[in-house]
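Hi,

Here is the structure I promised to pass on. Have a look at it first, and then read my notes below.

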Amino acid sequence: MATIDLRQVEKKFGDVYAVKPVDLTIASGEFVVLLGPSGCGKTTTLRMISGLEAVTDGRIFIGDRDVTWRHPSDRDIAFVFQLYALYPHMSVEKNITFPLEAQKEPAQVIRERLTYVVELLQIQHLLRQKPGSLSGGDKQRVALARALVRKPSAFLMDEPLGALDADFRETMRAEIKKLHIAEQATTVYVTHDQIEAMAMGDRIVVMSAAVVQQVGTPAEVYYDPANLFVARFIGSPGMNLVMGKLAGGVVHLPGGNQYKVPARWLRPLTTHLATDTVILGFRPEAALLHPDGPLKSEVYASDLHGAFNMLHLTLEEAVIHVRAERGGRIQMGTHLAFDLDADMVRFFDPQTEKAIVPEA
Ligand code: ATP
């Protein structure tokens, strides 16, 4: 398996950027997810790595080879699409072995590789069937088998589970992850589904409006979003973001609420902020409901999620989401007090929209 290195890679269609210059090094064997809303440039980035789309500028290395201007077939990569792209007139077995036959591999090698991928994906019973008679999930397994059989340097996957229903996506997600672990295959995986990204990625590249917003592990993008976009986009619901005024070591929040700034943030806040306005951020599980909590709110709605309740609370005009571990539905209008887990509090600069970094 190989590293993939993007150096100042960009793509313009006419005058419009689909991908602004990006630097990204993917380690050998790493599983990297490109995540972002529709139109942010994920697919274009993947297509540039594959060679299906030419770069406007920058260079792409796979292993130590500069492949920027190489044909897709000369990049030693396998592409798995959402649409299975199987040959309908060929049996499953032929579909899988076809890439090896096209490369004129010896029959013995073809048999060994076929046996290996068929066992890995548990599709022995499908070999004689034609793709048309298979379920969506089985078609995707066959497509994966066909990609795997060549032992490419890297796998590129564009929403490979997009066409499957929710239950099955979860099963296939686990299978792709298992395959990745078995093969130690460098993988770049595109999705707009952040749950999929969090579950599968060693690292996530969060994109928006043609720009890479953050590259980090699932825990990094969740707990330490680099900016307001990532804070809102990751998590369901996203991070609570409440505008406040900083004065005397306290953030004054809507509804007359005050939150004492934890010590490690005091200096960074005063040095970084251009005005006294700051955005306080915290995840729903960082709010600790407690009758003596310093923050006062009112229940606006409550959703039962089974294992927990998601409460929608108002602090005057601000609406926040708070996770309550147990209990039935809570009446609208109920007054609830809460505190915040100081380790899970974050601050953002409303002007730059960037996270402020605390002292260690
Ligand atoms: P989706 O999840 O909807 O596929 P995406 O994040 O993969 O979105 P891209 O498909 O990479 O986004 O598209 C990025 C931008 O580039 C979009 O604004 C899109 O309209 C534009 N774009 C993509 N391909 C072309 C093209 N061939 N010609 C012109 N514009 C294009």
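Let me start with one residue: Tyr223 counts as partly exposed, because its relative accessibility is 38%, which lies between the 20% and 50% cut-offs. Bear in mind that this is a predicted model, so please take everything here as computed from it.

Tyr223 sits in helix 7. Leaving aside residues up to four places away in sequence, Tyr223 touches Met239, Met344 and Arg346. By contrast, take Asp276, which is 53 residues from Tyr223 along the chain: the C-alpha atoms of these two are separated by 24 Å.

To place those contacts, it helps to know how the chain is divided. The domain assignment gives domain 1 as 4-232 and domain 2 as 238-348. Their contact draws 9 residues from domain 1 and 9 residues from domain 2. Measuring from C-alpha centre to C-alpha centre, domain 1 and domain 2 are 39 Å apart. About 810 Å² of area is buried between the two domains, and carbon and sulfur atoms give 59% of that.

What holds polar company across this interface? The rule finds 5 residue pairs in polar contact there, both residues being at pLDDT 80 or more. It also finds 1 salt bridge across the interface of domain 1 and domain 2. If you want to look at a salt bridge on screen, go to Asp224 and Arg346, whose side chains meet at 2.8 Å, N to O. On the side of domain 1 that touches domain 2, helix 7 (218-223) and helix 8 (228-233) each supply at least two residues. The residues on that side of domain 1 divide into 6 nonpolar, 1 polar and 2 charged.

Next, a few spots where the backbone caught my eye.

Ser236 and Pro237 are joined by a cis peptide bond, with omega at about 0°. Pro237 belongs to the loop between helix 8 and strand 11 (240-247).

Then there are positive phi values. Lys151 is not a glycine, yet it has a positive phi of about 50°. You will find Lys151 in the loop between helix 4 (136-148) and strand 7 (154-158). Glu159 is another residue other than glycine with a positive phi, in this case near 40°. Its place is the loop between strand 7 and helix 5 (166-183).

Are these two residues buried or exposed? Lys151 counts as exposed because its relative accessibility is 53%, and the cut-off for exposed is over 50%. Glu159 is buried, because its relative accessible area is 12% and buried means under 20%.

Last, have a look at helix 1, residues 42-50. Helix 1 is mostly covered, with 7 of its 9 residues buried. The buried ones are Lys42, Thr44, Thr45, Leu46, Met48, Ile49 and Ser50. Just after helix 1 comes Gly51, with a positive phi of about 95°.

If you only have a few minutes, I'd go to the salt bridge of Asp224 and Arg346, and then to the cis peptide bond between Ser236 and Pro237.

Cheers

Methods
Residues numbered from 1 in each chain as written. Predicted model: local features only at pLDDT ≥ 70, side-chain atom pairs only at ≥ 80, totals over all residues. Heavy atoms only, no water. Domains from an automatic or database assignment. Contact = heavy atoms within 4.5 Å. Buried area = accessible area lost by both parts, 1.4 Å probe. Salt bridge = Lys/Arg side-chain N within 4 Å of Asp/Glu carboxyl O. Polar contact = N/O pair within 3.5 Å; in protein donor to acceptor, adjacent residues only side chain to side chain. Helix = DSSP H or I, 4+ residues; strand = E, 2+ residues; numbered from the N terminus. Nonpolar A, V, L, I, M, F, W, Y, C, P; charged D, E, K, R; others polar. Buried < 20%, exposed > 50% of the residue type's maximum accessible area, 1.4 Å probe, protein only.
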